[in-house]
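Morning, everyone. Please pull up the model on your screens. I'll keep this brief.

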Amino acid sequence: MYRWIGLCALAYACWYLPVQGQSLQEMRLALTQTPPHERISQYIEYSEHYLNRDPKLSLELAIEAVSEAKALSNDSLKAYGLNRMSTAYGMQGDFSEALVNILQALTIWETHNDSLGLGIGYNNLGLIYQYQNQWPEALQYHFQALEIKELIGDTLKLPYSYNNIGEIYKARGNHHKALTFFQSSLGICRRNELTDIIGHVLMLCGDAHAQMGNYAAATRYLMESMAYNDMNGDTYEKALTFSKMADVYLKQENYPQALFYFNLTENLQEHISHRDMLAITKTTIAEAYFSMSDYLQAETKAEEALELAHEIYQLEALYRGYRVMYNLAKDRTELAKAITYLENSDKYYQELLIQRRSQEIIRLQAGHDLSRKQSQIELLQERQALQMAKLEQREAQTRNRTIIAICSLVSLIGAFIAVYILYRQKQVKNRHNLILAEKNNIIRNKQEEILAQTEQLQAAYREITVINNSLEKKVKERTTQLARQNEQLAQFAFMNAHELRGPLASILGLIHLLQIPDFQQDDEIIQRLEKSSQQLDAVVRSINRTIEEEYQVDE
């Protein structure tokens, strides 16, 4: 799986990263059509890529990123660009400028509360002091960076802080403590499969073991580092690891194996044009051949080293190369050459000492300048903080005045609204009172009407009561009258049934006889008809009299 990851990482690098030796102008031209934010990010990535290979180009790329970020007013990208500028200045030994840029980046990150940026910033601030051999300050900032990264869980950047702290303990000779931090970094890399840096961490662990004399463990770690470097295709790391492996075998006086890895280192350094380290490697190879008594190879490599060292004026390689040549001439009893080589060796050794002392003086001066610059920056920051405090105080006073004015205005408006509300309430109250008065009048009128109607109803009730009383009397009289009439009707019915029916039946019978065709009329029948008619008339008259009498009685 790791091999596939390594191949993918290598393909990514080949696709996105610029070709070695490409100029800033060519990169700028290649990124012309890229959107501004992406272009700035690419400049920052390229700057990091070239940091160890070409610090000058790395600085130019970082400056370009900061310039474009300022034009876009993008503080975040500007801070990361300043961070890259700081690192590039540090790689070139300009620690004063490195400090100025990283402090500007830290100010931006603190303003925006960017924890990730603060972790990176404190890490690089620690590196600046680390390059100046100011170990306490370097450890202080590296531990700050470590604390922030652990707090936010930045597993991608956390191993770098462990590595930097380990490097400081290694430089101070505490290899056991250095190994502890390197192994912590390695554990994080393994857990999170950070294959792009695990090779470097393995190399650091192997080197720490080698410094403590644990050559078997050192070899194991360095071999694993080589495997990861092969996967990642990182030529620079491969060369560094081969060099460390060669040193392990050299310390064990296993010169064939040491030479094998030194030759691999030499080939890779020639490929990446790392001429300073190449001159040192050639000199070391010459020394190894001399230790093996292979004088011919030793002389050849020493001459190659001296030729290259003269071209680039690498004093350590010149001193060590001439020392090898002196030893060869001495063993061959070529005294004149030996004296010449020894004089040259001493001369370059003295120059190397002077150079180292000068570098130490420059470093001390840079450290002093760094401290002075930091003091000036701190003073400036204090002044800025004071000005900001005064500005904040003015703003607070202005804000308070504004608040008071607003509160006064709100109070006035509130008072006006209250007065208006009271006025409106009074108007509404008056209107309601008028409406209530009208309603009361209407109700009073209605009450009067109701009273009048009540009186009318009471009068009507009295009349009805009188009528009811008289009506009862009339009902009784009528009832008596009806009873009497009923008796008369019954009497009439009786008379109709008996007194009227008799004469009428006689008349009807006689008339029936007269209607018979063969019946002979007789005077007796006529007399009988007359008699029955008279009887009938008498009965009808009697009935009429009775009815008239009753009518008169009713009247």
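Start with one residue: is Ser345 buried or exposed? Buried, because its relative accessible area is 0%, and the cut-off for buried is under 20%. Bear in mind that this is a predicted model. Ser345 sits in helix H18, which covers residues 335-514. Leaving aside neighbours within four places in sequence, Ser345 contacts Tyr319, Tyr322 and Arg323.

Stay on helix H18. Ile417 is placed there too. This one is partly exposed, at 39% relative accessible area. Ile417 also belongs to a nonpolar surface patch of about 730 Å². Its other members are Leu409, Ile413, Phe416, Tyr420, Ile421 and Tyr423.

Now the inside. The largest nonpolar core has 96 residues, and Tyr122 and Leu125 touch the most other members. Apart from that core lies another, of twelve residues, including Ile40, Leu57, Leu61 and Ala65. Back to Tyr122: beyond four places in sequence, its contacts include Leu106, Glu110, Tyr141 and Ile148.

Next, the rings. The count is 15 aromatic pairs. Take Tyr169 and Phe181: centres 5.7 Å apart, planes at 15°, so the pair is stacked. Tyr169 is in helix H9, residues 158-171, and Phe181 is in helix H10, residues 175-192. They are twelve residues apart. Tyr169 is buried at 10%, and Phe181 is buried at 13%. Now compare Phe290 and Tyr295: centres 5.5 Å apart, planes at 40°, so that pair is tilted. Tyr295 is partly exposed, at 30% relative accessibility.

Last item: ring pairs link Phe143, Tyr162, Tyr169 and Phe181 into a cluster. Over to you.

Definitions and conventions:
Residues numbered from 1 in each chain as written. Predicted model: local features only at pLDDT ≥ 70, side-chain atom pairs only at ≥ 80, totals over all residues. Heavy atoms only, no water. Core = buried A, V, L, I, M, F, W, Y, C linked by side-chain atoms within 4.5 Å. Buried < 20%, exposed > 50% of the residue type's maximum accessible area, 1.4 Å probe, protein only. Contact = heavy atoms within 4.5 Å. Helix = DSSP H or I, 4+ residues; strand = E, 2+ residues; numbered from the N terminus. Patch = residues over 30% accessible without salt bridge, like charges linked within 9 Å, V, L, I, M, F, W, Y side chains within 5 Å. Areas by Shrake-Rupley, 256 points an atom, 1.4 Å probe, with all protein chains shown as cover. Salt bridge = Lys/Arg side-chain N within 4 Å of Asp/Glu carboxyl O. Phe/Tyr/Trp six-rings, centres within 6.5 Å; stacked < 30°, edge-to-face > 60°.
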